[in-house]
Amino acid sequence: MIGIDEVGRGCWAGPLLVVAAQARSDLPTGLADSKTLSKNTRNKIYAEIIRSCSFSEGWVQPEEIDNLGLTQAMKLGVARALLTIGVDHDEDIIMDGHINYCPSQYVNVQTVVKADSLHPIVSAASIYAKVTRDAHMTRLAQFYPMYGFEHHAGYGTELHRSALRVHGVSKIHRLSYKPVKASLAT
C-alpha cells in the first residue's frame, strides 16, 4: 500500500511537494493529518516514521507550477513521487483528496477526502511532506530573509503580503497566483 499526500498547493512561494509513503514495518502510533499536529509533535513522529517507511518526493518548482497550472503540477509531482518510490502499476494507492492525480497506468488508486486523517500511511506521507517542505522553506529564508519564509513557509499570511508590498516578488514566488500577480502590477 502506498499513501500519497502533498504540501504547498496554496502557497504563494516555493515548490509544491508530493510525497509517496510505503510502510516497511509497523507504523508508529499518533499518526494524524500534519496540519492538526504541533510542530514538536510532527518532528517527533517524523523521526519515528523515517525508520518505519520508505518515502519518495515529487518536487514541482514555482516556474513549473506557473507554466503548467496547479492541476498539471499536481500530476507531475505525483508522477515524480511514484517513479522515485518504484511502485508497481497494480499496487494499491491511497491519495488524499477527491481527485486522482496518478498517471493512468496506476490502476488501483483510491482517492479519499481527509485520507491524511483516516489512513495512517497517508498520515505518514502528510507529516513527512510538511516537515520536509517547511525545512526547505527555512533554508530558502536564508537567501530571501526579507520575506519571512521561516515563519509562514510561503503561505498567504499578512506578513507575507506585507513583504510583497515592500520588496516585490522573488525568484521563488509563483507569478500566476493572484496575490503575487497583483503585487507585480503595483
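A cavity here is a set of grid points where a 1.4 Å probe fits but cannot get out, and its lining residues have an atom within 4 Å of a point. Keep in mind that this is a predicted model.

**The cavity**

Searching the whole structure turns up one cavity of 30 Å³ or more. The largest cavity holds about 50 Å³ of space. Which residues line the largest cavity? They are Ile 4, Asp 5, Glu 6, Arg 9, Val 18, Met 74, Val 78, Met 95, Asp 96 and Tyr 101. Three elements, β1, α3 and β4, each give two or more residues to that lining, and β1 has the largest share with three. Sorted by class, the lining is six nonpolar and four charged residues, with no polar ones.

**The cores**

Two of those lining residues, Ile 4 and Val 78, turn up again in the largest nonpolar core. That core has 33 residues, and Ile 2, Ile 4, Val 78, Leu 82, Cys 102 and Phe 149 have the most contacts inside it. At least two core residues come from each of β1 (2–7), β2 (16–23), α3 (70–85), β4 (93–96), α5 (120–143) and α7 (158–167). The top contributor is α3, with six residues.

Leu 82 gives a good look at how this core is wired. Leaving aside residues up to four places away in sequence, Leu 82 touches Ile 2, Ile 4, Val 87, Ile 93, Cys 102, Pro 103 and Tyr 106.

There's also a second, separate core, this one of 22 residues, including Leu 17, Leu 37, Cys 53 and Phe 55.

**The rings**

How many aromatic pairs does a search of the whole structure find? It finds four. Two of them are set out here:

| Pair | Centre to centre | Angle between planes | Geometry |
|---|---|---|---|
| Phe 55 and Tyr 128 | 4.2 Å | 10 degrees | stacked |
| Tyr 147 and Phe 149 | 5.4 Å | 15 degrees | stacked |

The Phe 55 and Tyr 128 pair bridges distant parts of the chain: Phe 55 sits in strand β3 (residues 53–60) and Tyr 128 in helix α5, 73 residues apart. Both Phe 55 and Tyr 128 are buried. Ring pairs also tie Tyr 46 into a cluster with Phe 55 and Tyr 128.

Are Tyr 147 and Phe 149 buried or exposed? Buried means under 20% relative accessible area, so Tyr 147 counts as buried at 3%, and Phe 149 is buried too, with a relative accessible area of 1%. Phe 149 also ranks among the residues with the most contacts inside the largest core.

Terms used:
Residues are numbered from 1 along each chain as its sequence is written. This is a predicted model: local features need pLDDT of at least 70, side-chain atom pairs count only at pLDDT 80 or more; totals for chains, interfaces and linings use all residues. Side-chain values use heavy atoms; hydrogens and water are left out. A nonpolar core is a set of buried Ala, Val, Leu, Ile, Met, Phe, Trp, Tyr and Cys residues joined through side-chain atoms within 4.5 Å. Buried means under 20% relative accessible area, exposed over 50%, partly exposed in between (1.4 Å probe, protein chains only). Helices (H or I, at least four residues) and strands (E, at least two) are DSSP runs, numbered from the N terminus. Contact means heavy atoms within 4.5 Å. Rings of Phe, Tyr and Trp (its six-membered ring) pair if their centres lie within 6.5 Å; planes under 30 degrees apart count as stacked, over 60 as edge-to-face and the rest as tilted. On a 1 Å grid over the protein atoms alone, a cavity is a set of points where a 1.4 Å probe fits but cannot get out, and a pocket is an open set with protein on both sides within 12 Å along at least five of seven lines; lining residues have an atom within 4 Å of a point. Grid points are joined across faces, edges and corners, and a volume is the space filled by probe spheres set on the points. Ala, Val, Leu, Ile, Met, Phe, Trp, Tyr, Cys and Pro count as nonpolar, Asp, Glu, Lys and Arg as charged, and the others, Gly among them, as polar.
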